[in-house]
Amino acid sequence: MNFETLEIEEKNGTGFIYFKREDKLNTLTVQMVDEILQALNDMENHCKSVIVGGKDNFSAGADVFQFSNIAPEEAYEFHRKLNKLALYFREYPRPVISFLNGYVLGGGLEISLSTDIRICSRSAVLGQPEIALGINAGAGGNVILPSITGRNRALYMILTGEKISAKTAYEFGLVDILADNAVGKAIETAELINSMPEKAVTLAKRAVNNSANNDIVKNLDYEAALFGILFSEKETKDRINNFIDRKIK
Ligand code: COA
């Protein structure tokens, strides 16, 4: 299958999903999320593990241009689409490894939070900048991030919108491995896992998922509802339109 926003490869039992909107910092559109879902589905039965990421950037978050004058219900539906991807990563029967280069912001960071292993380039920049646009995290930043970093560090990131370095992200527990060559390390990790007994790998992931917060589906939907509500605020609309105006001038 041909994708417009992705490049797909399969090698030595590993499926690769490379994001290909580099000129837009791999910002997430509905089309791109649909294509990632489709690519994962295509690989599910024959790849032993999947690697996702972008050559220069993982993703600078949701494509803000999509938010111009959308209704709260549409914002809710967009969030639910990202939730679907986050939940698919989590429930996927194969390990999903993300490699994080460049900007890893907003929805980009959030979808990475649902991958199983995050390998981060030492020069990557991570953050939840949505607050400055008058919106909240759009794919689990309020649900999954606190479960990883603890409540206070998550609130620091969410409320200030500050971008943090890879080193700080590692200290926060937000990324698992720092590497000079993140994709190289991701491949090495996938090949090691691929050499393990397949059934044991699948059941280990299932057992870990089962021990994690079982309210995650409900909590992601609640976050999506709050996200939608913010789109009825004048300040949200003003801030989104300001961002768009600055970018198209
Ligand atoms: N939505 C849509 N387009 C975006 C975008 C976003 N979130 N982030 C970047 N882009 C686009 C820019 O419009 C620009 O496109 P152009 O070349 O057609 O003008 C391109 O990506 C490069 O971005 P630019 O801002 O020129 O790069 P930079 O290196 O100066 O700054 C960032 C990079 C990430 C700091 C800056 O783009 C930014 O702050 N983006 C918003 C991040 C954000 O708020 N994410 C959460 C969204 S909910």
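This briefing covers the ligand site, the pockets and the cavities of this structure. The model is predicted. Its ligand takes up the space of the largest pocket. A second largest pocket has a volume of about 440 Å³. There are also 3 cavities of 30 Å³ or more.

**The ligand and its contacts**

- The ligand has 18 residues around it. K24, A60, A62, V64 and K247 come nearest.
- K24 reaches the ligand through its side chain. An N or O atom there is 2.4 Å from an oxygen atom of the ligand.
- A60 uses its backbone instead. One of its backbone N or O atoms lies 2.9 Å from a ligand nitrogen atom.
- A62 also offers a polar backbone atom. That atom is 3.1 Å from a nitrogen atom of the ligand.
- Taken alone, the ligand exposes 860 Å². The protein buries 70% of that area.

**The shell around the ligand**

- Two elements give two or more residues each to this shell. They are the strand β5 (103-105) and the helix α10 (234-248).
- Nonpolar residues number 11 in the shell. Charged residues number 6. Just 1 residue is polar.

**The largest pocket**

- This is the space that the ligand takes. The pocket holds about 740 Å³ of space.
- Its lining has 31 residues. Closest to the centre are T27, A60, A62, V64 and F243.
- A60, A62 and V64 are thus named on two counts: they are among the residues that come nearest to the ligand, and they are among those closest to the pocket centre.
- Four elements each supply at least two lining residues: α2 (72-91), β5, α3 (106-113) and α10. Of these, β5 and α10 also give two or more residues to the ligand shell.
- By class, the lining has 16 nonpolar, 9 charged and 6 polar residues.

**The second largest pocket**

- Its volume is about 440 Å³. The lining is made of 19 residues.
- R90, T115, D116, V208 and N209 are the closest to its centre.
- At least two lining residues come from each of β6 (117-121), α4 (144-149) and α8 (198-211).
- Helix α8 gives the largest share, with 5 residues.
- The lining counts 10 nonpolar, 5 charged and 4 polar residues.

**The cavities**

- Of the cavities, the largest has a volume of about 60 Å³.
- Its lining consists of K48, P93, R94, P95, I193, N194, M196, E198, V201 and T202.
- Helices α7 (182-194) and α8 each give two or more residues to this lining. The largest share, 3 residues, comes from α8.
- Nonpolar residues make up 5 of the lining, charged residues 3 and polar residues 2.

**Where the sites share an element**

- Helix α8 serves two of these spaces. It gives the largest share of the lining of the second largest pocket. It also gives the largest share of the lining of the largest cavity.
- Helix α10 belongs to the ligand side of the picture. It supplies residues to the shell around the ligand and to the lining of the largest pocket.

Key
Residues numbered from 1 in each chain as written. Predicted model: local features only at pLDDT ≥ 70, side-chain atom pairs only at ≥ 80, totals over all residues. Heavy atoms only, no water. Near = heavy atom within 4 Å. Polar contact = N/O pair within 3.5 Å; in protein donor to acceptor, adjacent residues only side chain to side chain. Areas by Shrake-Rupley, 256 points an atom, 1.4 Å probe, with all protein chains shown as cover. 1 Å grid on protein atoms, 1.4 Å probe; cavity = no way out; pocket = protein on both sides within 12 Å on 5 of 7 lines; lining within 4 Å. Sits in = over half its atoms within 2 Å of the grid points. Nonpolar A, V, L, I, M, F, W, Y, C, P; charged D, E, K, R; others polar. Points joined across faces, edges and corners; volume = space filled by probe spheres on them.
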